[in-house]
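Me: I am new to this structure and would be grateful for a close look at one part of it, namely the pairing of charged side chains. Please set the answer out as one connected account, and continue to the surroundings where that helps.

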Amino acid sequence: MACLLPLCPARKTMAFSYDIHLSNKFRNSFASSLCKPKPSHALPKTFTTPFPSPTHFPIKLKFSTHSVSVSATGTFTWDDVVRISQPESVPDDSSDLSGFSEKVKICNRGSEKQSEFLPFVIEDQIVGYIHNGFANHLRRFKDVFLFPQDSSYGGHIGGHVTLHPMLRTPENRTSAVGDVIKCLGEELIPGIRNELYPVKSSFGAPIFFSLERAAAPYFGIKAYGVQMNGYVERDGQKLLWIGKRSQVKHTYPGMLDQLVAGGLPHGIACGENLVKECEEEAGIPRSISNEAIPVGAVSYMDIDGYRYKRDVLFCYDLKLPANFRPENQDGEVDSFKLIPVTHVANVIRRTQFFKANCSIVIIDFLFRHGYMSPEHFGYLDLLQSLKSGDCS
């Protein structure tokens with residue numbers, strides 16, 4: 001879907017496009033608002049760190065008494081993973097859950113900055129939160145976004161953000177907001193991928209419109225995903241298949257990941273989305289992936305600059321045949337490795353090798369499969385923290 005005016009750079013057509021049925025006067029007014037020069041306040045474009053942040057850091061192995069830098073470039077190998085996963089590699093206390101708690105905190109930063117965000121309201125429902133600084137970029141699109149000055153929705157700054165009343169249907173809203181996002185472009189919203197996420201007040205609620213996936217945290221909408229722990233049992237021991245993300249992925253390249261994980265886009269149910277991701281990411285046929293068991297959800301809330309992530313991840317477990325070998329089909333995973341669950345736990349406690357939200361899903365697995373016990377200090381606090389976000 002192209003911008004509505006020639007001055008906007010040409011970009012790829014979105015997978016879902018709709019005609020926006022507005023009067024000529026309204027369309028022309030919208031186009032003129034898009035023609036105004038763009039401010040130059042660009043955000044960093046690359047995400048090359050295990051933190052949910054666009055800033056590049058070297059990866060650290062964090063222990064209770066010291067930290068050791070693995071490399072200055074943020075890369076590591078499976079040999080590093082295996083070495084640090086060994087019980088004897090670091091003299092730490094296996095009953096100390098603080099290493100796990102640190103990983104949960106990485107996904108739940110910035111709560112003190114909530115006052116910097118305006119509620120994003122549609123049809124009297126709060127569907128997101130927009131940073132006041134990012135909202136300034138939206139103010140020039142006067143025929144798409146309005147900024148009523150009232151505090152009835154609890155914003156700390158005063159007022160809220162809503163859509164123009166002429167945008168009455170989900171299709172109108174999707175098209176209009178999509179044009180704005182394309183005109184803001186990669187300078188403000190890195191990683192645009194032409195994939196739509198539904199915008200709604202809670203899971204199962206009516207969809208108000210659909211939003212470019214990369215823009216979701218900039219509008220603070222609730223985003224949902226599916227994450228699957230694929231494991232095998234061998235000689236009474238559970239082992240997890242772990243993936244290592246491709247180095248060419250825009251987000252978290254080279255980090256460790258679940259066997260299968262993916263966002264929940266518009267128009268597909270959780271179970272069907274999981275089956276699709278199983279095939280694409282690990283070559284798991286439907287005859288096997290249909291056996292995946294839904295086991296609950298985790299949630300987190302993370303504020304990083306203009307980004308407000310309010311994510312809910314639906315968790316699945318799949319016991320795989322002992323002779324199964326995953327094979328990536330979509331180029332997003334570099335390789336896989338089968339690792340004992342206790343060793344995976346050590347990697348999470350001691351390092352930041354895992355993509356941060358994957359650590360939360362695996363910690364949930366550790367609880368449910370009896371690898372945590374109430375005798376461990378901090379047991380209840382850690383368990384409660386797995387739903388730090390709005391799980392609705």
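Reply: Arg 83 is partly exposed, with a relative accessible area of 45%. The model in which this residue is seen is a predicted one. The side chain of Arg 83 meets that of Asp 80 in a salt bridge, with N and O 3.3 Å apart. Asp 80 has a relative accessible area of 17% and is therefore buried, the limit being under 20%. The pair thus joins a buried residue to a partly exposed one. Both residues belong to helix H2, which covers residues 78-85, and they stand 3 residues apart, about one turn of the helix. As a general matter, side chains of opposite charge can pair when their charged atoms come close.

This pair belongs to a wider set, for the structure holds 16 salt bridges. Another of them is formed by Glu 233 and Lys 319, whose closest N and O atoms are 3.1 Å apart. Glu 233 is part of strand E9 (residues 222-234) and Lys 319 of strand E14 (residues 307-319), so this salt bridge ties together parts that are 86 residues apart in sequence. Both partners are partly exposed: the relative accessible area is 37% for Glu 233 and 48% for Lys 319.

A third pair consists of Asp 257 and Arg 245, with 2.8 Å between the closest N and O atoms. Here, too, distant parts of the chain are linked: Asp 257 lies in strand E11 (residues 256-257) and Arg 245 in strand E10 (residues 237-245), 12 residues apart. Asp 257 and Arg 245 are both buried. Salt bridges may also share partners, and in this way Arg 109, Asp 302 and Asp 304 are joined into one network.

The loops beside these strands deserve attention as well. In the loop between E9 and E10 one finds Asp 235, a residue that has a positive phi of about 55 degrees although it is not a glycine. Its relative accessibility is 79%, and because this is over 50%, Asp 235 counts as exposed. The loop between E10 and E11 holds Tyr 252, which likewise is not a glycine and has a positive phi, near 50 degrees. Tyr 252, however, is buried, with a relative accessible area of 10%.

A further loop, between strand E6 (162-163) and helix H5 (170-184), contains His 164. This residue is buried at 16% relative accessibility. A polar atom of the His 164 side chain lies 3.0 Å from the backbone nitrogen of Met 166.

Charged residues also take part in the packing of two helices. Helix H3 (residues 98-106) and helix H9 (residues 341-350) have axes 7 Å apart and pack at an angle of about 65 degrees. The crossing of H3 with H9 is left-handed. H3 contributes Gly 99, Phe 100 and Lys 103 to the contact, while H9 contributes Ala 345, Ile 348 and Arg 349. By character, the residues of this contact comprise 3 nonpolar, 1 polar and 2 charged.

In summary, the salt bridges described include one within helix H2, between Asp 80 and Arg 83, and one between strands E9 and E14, made by Glu 233 and Lys 319.

Note on methods: Residues numbered from 1 in each chain as written. Predicted model: local features only at pLDDT ≥ 70, side-chain atom pairs only at ≥ 80, totals over all residues. Heavy atoms only, no water. Salt bridge = Lys/Arg side-chain N within 4 Å of Asp/Glu carboxyl O. Helix = DSSP H or I, 4+ residues; strand = E, 2+ residues; numbered from the N terminus. Buried < 20%, exposed > 50% of the residue type's maximum accessible area, 1.4 Å probe, protein only. Polar contact = N/O pair within 3.5 Å; in protein donor to acceptor, adjacent residues only side chain to side chain. Axes fitted to C-alpha atoms, helices over the stretch in contact; angles between N-to-C directions. Left-handed = near helix turned anticlockwise from the far one by under 90°. Contact = heavy atoms within 4.5 Å. Nonpolar A, V, L, I, M, F, W, Y, C, P; charged D, E, K, R; others polar.
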